[in-house]
Structure formats: structure tokens, C-alpha cells
Amino acid sequence: MRLKSSGSRAGMSLLGVLTVASLAISGCGSSSSTAANGGAGTGPCGTTADTTLTVGLFGTMGFKENGLWDAYHQVCPNITIKEDDVEQSADYWTRLKTRLASGSGLDDVQGIEIGFVADVVQNHADQFVNWNSVPNAAAIKSEFFPFKWQLASTTDGAKTVGLGTDTGPEAICYRRDLLKKAGMPSDPKTLASAWSTWNGFIDFGKQYEASATKQSGSHFVDSAASIFSTAVYQGKNAYDDDQGQPDVANSDGVKAAWGYATTAAQAKITAGLEQFSPTWNKAFSNGAFAALACPTWMMGYIQGQAGDSYAGKWEVAPVLPGGATNWGGSWLGVPTASKNKAAAIALVEWLSAKKQQVTMWTSPNQGGHFPSNSEAAADPAVSGATSAYFSNAPVGKIFGDIASQMKIPPIGLYDTQIQQALTTQLTNVETKGTSPDQAFQDALSAIKQVTG
Amino acid sequence: MTLASDTALDAPSAASGTPARRRRRSAGGLPGSRVGYVYVLPFFLVFAAFSVYPWLDTAWVSLHDVRLSTYHHQTWIGLANYRDLFTNPYFWNAFRNTFTIGVISTIPQLVMALGIAHLLNYRLRGRTFFRVAILMPYATSLAAATVIFLELFDTRLGLVNWALHLVHLPTVDWQGSKWPAQVAVSTIITWRWTGYNALIYLAGMQAIDPSLYDAAAVDGASRWRQFVHITIPGLRPTILFTIVVSTIGAAQIFGEPLLYHNGKADGGTQGQYQTLGLLMYQQGWVNDRLGLASATAWTMFVIILLAVVANLLFARWRTVRELR
């Protein structure tokens, strides 16, 4: 009997310790500040106390590189900003999702990329400060491109989860020296008319491939994905129907883009590289391709990969085959769980205001962060900007014109994964000779794995 | 079963009385016996929090339709995730890949480790240096190793294809084609783990009585015959241990194939080297389907268990057969 009772006592104490431990584990997430959503806080900095704000970002969003953290420290000396960076936006999103699910570990400010903004809007709108009810932000709403505000808002427009940072109007970036070497026209005016349609672009590519003097091992365009992921958003619909539900098989954008991309792949005008792979990165400087679809942020990527010795060899053509569209761009949101909400709101408002967005585009270190604030985009400092690296191309005018004509089809929850499945299969068409029909079926079955 | 046998054992002692009481008294009388529970408690707490709880939670989640993004909306769907899994070509593809990559990495790995350990077991100059050197790949970070191998196996600019080209052999698509890609992934695994296993074998060999070798040498047995007739039988428990550990490792291959496709979880453009671990990761963290990923996790657990039991049964069968 003694043994038995002592055994149960041991069991009780074990249970007690377990309970304490589990309380300790689950207790972390439950604390939350009750400051009113949209509270004006104290002064322009949101608080007068010494505060450290953590900002969760991915890739290179350029705030630090363009000196904005230092500039904000001048405005608000009591605020210190700490970046919490993840290189890949997909990894960042996984981490953010996990933290949203558990309600803990969130930064004071969280970057939201276009690839997952739909998920944040549909599933997590309540976990972010609603910018419609923040006095200053509601006032500056009219400054943003309407599509930018709309993408971060619920369908009824009542809730908006983030304020826009950059957008990604697209053109074509190309290697002037490689086109010249191949005996092809390389001045932007001629290219603008030759590349006004995808068919014209592909025909130009065929001539490049046929050239006797082109650099050996070089192809016209980096990948079929370059064509596909641009053209797909030129349709009335991309991956989703008008309600934002995934519908790949019946989309006009997918059908047209798949046609162009597979034509280019089968005509062998693509280098067959997977975008963002190490081989692709190296190809920016070794001349494996002459052109690629180029949203503004890609200019920064090219400079980073090709390096200073290629300055002046690259150029931006003032055209996107098939009409203006967008690739990428981000927002900044403030989780309601943030302990420094008022200060975080003040920071985001300051970052997305006209002056800072102009700075992001015009500073010498800029990585191609085109403003989503339309007043900033209209500023002469933005529209008049040229890029020394890209042969002094008038990038402000080129991308400004494209941004003003931009159309955006509905974006759904799984656009990123769906695009990945399709471009992976395009690589098979390019490098393994898979038939376009077979590749499309394979992509659809991979997409089925995502949509369930 | 255990309950029944316990009572069966207890019954006679309760009937006879005294021995049982004596046993109980002595158990209670040991001064440190209950303090012992406190000493081992931290292990059980950690084990409960980080092993048992996730394990049970995974089982629970696997019976629901759950997405990572909407984790708190869980719909009970019974065994539907498992049914999806077993009728899913991606699962069977990953299952086959896990098996083939496991075989072409584990077998050469263990054979080479055995040979290396045998060589290191002889008295030779700089023995300690070689013993440390053999462990270097294991100490290298997985990411660094994979990046280096990725460079070596690069289809366009890689050293391996360059060497093949140099000796007028056709170059190989080490990324896109199925078997070359699997061999390349297996090479990374073999490179990393051979030295580790060699050291375990070496430790096992040191426990073999050296006089056996001396006697064999006196009898004129060659080193090869010594290896076959003394080393291998003496190492049998060690070999079994490494086979079991390697089987578990092989069933969980993850990092190498992930990094081999630039951190994408699809295991190549056609899933040429997508393993079960990778598939599970893709389902949960890329495709957002936690329920399906949990079902995969549990299926993997059962597969590993079966593989280990099969290994043990095979070893026992061998022993029994030899004793006859």
C-alpha cells in the first residue's frame, strides 16, 4: 500500500510540475496591449519614451541601405530601429504565418509581400492594425496608387492591413554590348517598337540566336519564366477568378502566357536557367543571356549580381511587350500584438510618406524601389531620375509611364506556389524537351497539391 | 499483456506473504530511491514537452483539415489525409526516391567506412592525424558541403562535367536527370557520414582481442583473411548498430536534396530526388497543408519502425542460422 500511495503522490507532483510547465509555455502568448487600434499616441513619434522597434523584413527592402533608419533617428531620437531580416521572402512568410498562428514573436512592424498579401487580408486582417481607422493614414490614403491600397484591403474596403512601400512596374533590361556584338539593334527607340508585342520580342530573339557573331553560349532571354510570369498578369485574370479563387485551367492570362513562354522555349531563344538559382545569378555577368523581364527592383538585383564592372553595359528598354503590368512590391503592417503600436504606426506612416518614397527611388544606393505613393511617383525628382549603371537610361520616365498604365488582375491565396509550379514545368520544356501539354498537366497536378 | 503478467507474478508472493513484504520494505528503505525520481524528472519533462506532446499533437492534426495560415480552424476529416496520401503519386515517388537514395548512399558508405576503419586500426605513422581528418566532413556544415557539391556537379560550369569532358566522356545532367541527380545527392551524404561510421567501427575494432590477430598472423593468415574471419565477426553488433542508425538517417534525408535544388522542396523540376522528408516539408510549409504533412510524418514514423524491426529480425535470423 505504501508503495502505491507514494507512487500516486509522485504522479500528482509530476502532474503539478507538468501543469506549471505548460502554463509557463502557453502563458507567453497571452499578454497583449490594449491600446486602442489607431490611438494617436504621444507626439509625432508615437511615444516619448526610449523605444526599440523591431522591423521584420525580407530580402533587400532598402530602408537601411538608403539611410532611412538613420534619418528617422534624427526625427525621433528616442526611437531605435532593429531589423529582423530573412533572405528569402518565402521563408519569411512561413515564419510570419507560424507567429501569427501562435500569436507570439511578432515584430512591431512586419513587411508584407505581394505574394502573400491576399492571405494576410483574408485570414489575418484582424491581427493587423487597420489603416482605415488610423487618423493620419486614412488622410493620406489618396496619395497611394488605388490598386496598391486595394490589394491590401478586404473586398468591402473596410480593413486595410498595410501601407505600401514599393511597386514593381516592369520593362525589359538588356545587355547593350551583347546585342551589338550579335549585330542586332540596341538603341532603346528601335527596341521599343520591335518589342511592343511578345511575338515581336520572340522574333527578335530568333534573329539573335541565328546571329553568326553573337557571343558563344549566349541566348536571347534568361528563361521562359521571364516571359511567363510577366505575361500572365497581363490577362484579365492571372491565377484566380474574379472572386480570387484559384482557377488556373480557365484563365486567359495563363493560356496566353503559357503559349508565349513555350514558343520561346521551343524556339531555343531562352537560356533555360531557373530564376534565382546560383547558375542564373552567375549568368548576369558571364553573358549567358542578353535580356530579361525587369521590374524596377530587378535593377537592384542585376547590379548586385553583375557588379560594378558591368556598369554601362546594361540598359533598360522603355517597353514591356504586351502592355504595362506589375511584378512584386510590398506593404508594411503593424501587428495588433505589437507592444509599441503607436510608435510603430508613426514609423510606417513616415516611411510610406511622399518624401521618404522619393528618397528610396532617387538615392545613389537605390535598388529600384519604385514608389507606391502616386504623389511621390509624380515628383520631378522621381520622374526625372536616370540610372548611371543602366547606361543613363531615363528610368524615372520609363517606369513612371508604365506605372501610370498599370493593370492588376485579382490576386489569390496561392499565387506564389502556383507560379512556382508553372515556371518549374517551363524549365522542363526548356531543358528536357517535355511537351508543353504534358508540362501543363504536370503543373496542374502540382497545383492540386497546393489548393487541396 | 503486461498487466496480466504483473498480477500473475504478484499472486504467489502475496500468497506466501513474507518475501513480498521484505521486498517492499527494502525498496522503501533505500534512502535515495525517491530522490532518484527528482533527478530524472528534467528528462521526462523535456521528453514530454518536446517529444510526446508534439508526437500526439501531430497524430491529432493528421486527422484534420488544417492549413498553417488558418491553424485555429481545424475540421475533423478522420483518415481522409491518409487516404489522400496513399493514392497520391507524389507520395509514392518520394517513397521510392527515399529508398533508392537510402540504398545508394548507405551501402557504399558503410562498406567504405569498414575498409577505412580497418586501415586506421593498423599501426601507421600519423595515425591520430588520419583519425581526426576522417571526421572532418562530419564536422562540416551541411549547407556548406551541399553548396560545394552543387558547384562540382553544376551541369554547365561544374568540375565533374569538366573532367568528363576532358577525358572525352559525354557530360551528364547532374541536376535534371533522375539517376545522376540521386547519385549526386547520395555522394554528399556518403561524403559526410563515412568518417563518422569509420570511427564507430574503429572503436569496435579496438575492443577485439589483439591476440586473435597475433595468433592468426602466426598461422600465416593474410590481412584480408584476418579482416574477414576476425574483424567482421567481432564487429557484428557494431555493424548492426550502424545499419539501424543509417536506416533511420536514410529515411529522414532532408537537407541535402533541399539545398541541391536551391532550397526548393520539390526535389528537382520533376521530383527526381524528392524524399519523404522533403515531401512532408513541402506539404506543411510550402503548400500550407499541415494536416496532410502530419499524416506523412506519422506514415514516415511507421515506415522507419518497420525498417528497423526488419533489420533486427534479419540480424537475429542470421545469428540463429549460424548457431545451427
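**Close-up 1. The side chain of B:T98 and the backbone of B:A94 in the predicted model.** A polar atom of the B:T98 side chain lies 2.6 Å from the backbone oxygen of B:A94. B:T98 belongs to helix α5 of chain B, which spans residues 89-120. B:T98 has a relative accessible area of 7%. That value is under 20%, so B:T98 counts as buried. Beyond residues up to four places away in sequence, B:T98 touches B:A250, B:A251, B:T275 and B:L276.

**Close-up 2. A:W195 in the largest nonpolar core.** This core holds 140 residues. A:W195, A:I302 and A:W314 touch the most other members. Helix α14 of chain A, residues 341-352, supplies the largest share of the core, with 8 residues. Another core, of 15 residues, lies apart from it. Its members include B:F153, B:V185, B:I188 and B:A250. Neighbours within four places in sequence aside, A:W195 is in contact with the aromatic residues A:Y174, A:F201, A:F204 and A:F220, among others. Further contacts of A:W195 include A:I172, A:L179, A:A317, A:V319, A:L320 and A:P321.

**Close-up 3. A:V221 in strand β5 of chain A.** The strand covers residues 219-221. A:V221 is buried, at 1% relative accessibility. A:G205 is 16 residues from A:V221 in sequence. Their C-alpha atoms are 7.5 Å apart. Leaving out neighbours within four places in sequence, A:V221 is in contact with A:F201, A:S226 and A:I227. Its contacts also include A:I269, A:T270 and A:A271, as well as A:F289, A:A291 and A:L292. A:F201 is thus a contact of A:V221 and also of A:W195.

Definitions and conventions. Residues numbered from 1 in each chain as written. Chains lettered and ligands numbered in written order. Predicted model: local features only at pLDDT ≥ 70, side-chain atom pairs only at ≥ 80, totals over all residues. Heavy atoms only, no water. Helix = DSSP H or I, 4+ residues; strand = E, 2+ residues; numbered from the N terminus. Buried < 20%, exposed > 50% of the residue type's maximum accessible area, 1.4 Å probe, protein only. Polar contact = N/O pair within 3.5 Å; in protein donor to acceptor, adjacent residues only side chain to side chain. Contact = heavy atoms within 4.5 Å. Core = buried A, V, L, I, M, F, W, Y, C linked by side-chain atoms within 4.5 Å.
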